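Colleague: Please take me through the helix packing in this structure, one contact at a time. Which residues build it, and how are the elements set against each other?

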Amino acid sequence: MKNYKGYYIDKIMFNSEAEIDKFLEDQAVLKFKQLNKYFAEHASMEAAQVCEEQAQILHNKFGYSWERIEQLEIEAIA
């Protein structure tokens, strides 16, 4: 069993590093959408800041373009 980014490749939950990377990316997108939905319902400077921080993670860590991030934001509030 191999530990990769805090998760184990155990052939039960994850079979490869690529599966873990995809899981982490999916979780980051889900969090971004949830944060933007929250911001749309409860607009505040704090919520805006957290949304921006999550957008930076998607851009810097996962290579999302700002256009794609904007599309995700629109999906979350539509």
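Modeller: Start with the contact between the first two helices in this predicted model. On the α1 side, the residues are D21, L24, E25, A28, V29, K31, F32, L35, N36, Y38 and F39. They meet A47, A48, V50, C51, Q54, A55, L58 and F62 of α2. By class, that contact holds 14 nonpolar, two polar and three charged residues.

Now the geometry. Helix α1 covers residues 17-41. Helix α2 covers residues 45-62. The axes of α1 and α2 come within 9 Å and cross at roughly 155°. That makes the two helices roughly antiparallel, because the angle is over the 145 degrees that this label needs. The crossing of α1 and α2 is left-handed.

Look next at Q54, on the α2 side of this contact. Is Q54 buried or exposed? Q54 has a relative accessibility of 5%, so it counts as buried; the cut-off is under 20%. Its side chain reaches the backbone oxygen of A28 at 3.1 Å. Leaving aside neighbours within four places in sequence, Q54 is in contact with A28, K31, F32 and L35. A28, K31, F32 and L35 are among the α1 residues that meet α2. A28 therefore appears twice in the picture of Q54: as a contact and as the residue whose backbone oxygen the side chain reaches, a pair within the 3.5 Å limit for a polar contact.

V50 also sits in helix α2. V50 is partly exposed, with a relative accessible area of 34%, which means that it falls between the 20% and 50% limits. V50 belongs to the α2 side of the contact with α1, and F39 belongs to the α1 side. V50 and F39 are 11 residues apart along the chain. Their C-alpha atoms are separated by 9.2 Å.

Between these two helices runs a loop, and H42 lies in it. H42 counts as partly exposed, at 41% relative accessibility. From H42 back to F14 is 28 residues along the chain. The C-alpha atoms of that pair are separated by 36 Å.

Now bring in the third helix. Helix α3 covers residues 66-77. It packs against α1 at an angle of about 55°, with the axes 8 Å apart. α1 and α3 are therefore oblique to each other. Their crossing is right-handed. The α1 residues here are V29, F32, K33, N36, K37 and A40. They meet I69, L72, E73, E75, A76 and I77 in α3. This contact divides into seven nonpolar, one polar and four charged residues.

Some α1 residues serve both contacts. V29, F32 and N36 are among the residues that meet α2, and they are also listed against α3. N36 is worth a closer look. N36 is found in helix α1 and counts as buried, at 4% relative accessibility. What does N36 touch, not counting residues up to four places away in sequence? N36 touches C51, E73, A76 and I77. C51 is on the α2 side of the first contact. E73, A76 and I77 come from α3.

The last helix pair is α2 with α3. These two pack at an angle of about 140°, with axes 10 Å apart. They are therefore oblique to each other, because an angle of over 145 degrees is needed to count as roughly antiparallel. α2 passes α3 in a right-handed crossing. A55, Q56, L58 and H59 in α2 meet W66, I69 and L72 in α3. That contact divides into five nonpolar, two polar and no charged residues. A55 and L58 also face α1. I69 and L72 also face α1, from the α3 side.

Finally, two lysines in loops. Most residues other than glycine have a negative phi. K5 has a positive phi, near 55°. K5 lies in the loop between β1 (2-4) and β2 (7-9). Phi of K11 is positive too, near 65°. K11 lies in the loop between β2 and α1. K11 is exposed, with a relative accessible area of 59%.

Technical notes
Residues are numbered from 1 along each chain as its sequence is written. This is a predicted model: local features need pLDDT of at least 70, side-chain atom pairs count only at pLDDT 80 or more; totals for chains, interfaces and linings use all residues. Side-chain values use heavy atoms; hydrogens and water are left out. Helices (H or I, at least four residues) and strands (E, at least two) are DSSP runs, numbered from the N terminus. Buried means under 20% relative accessible area, exposed over 50%, partly exposed in between (1.4 Å probe, protein chains only). A polar contact is a pair of N or O atoms within 3.5 Å; within protein, one must be able to donate a hydrogen and the other to accept it, and residues adjacent in sequence count only if both atoms are side-chain atoms. Contact means heavy atoms within 4.5 Å. Axes are lines fitted to C-alpha atoms, for helices over the stretch in contact, and angles run from 0 to 180 degrees between N-to-C directions. Angles under 35 degrees count as roughly parallel, over 145 as roughly antiparallel, 65 to 115 as roughly perpendicular and the rest as oblique. A crossing is left-handed if the near helix is turned anticlockwise from the far one by less than a right angle, and right-handed if clockwise. Ala, Val, Leu, Ile, Met, Phe, Trp, Tyr, Cys and Pro count as nonpolar, Asp, Glu, Lys and Arg as charged, and the others, Gly among them, as polar.
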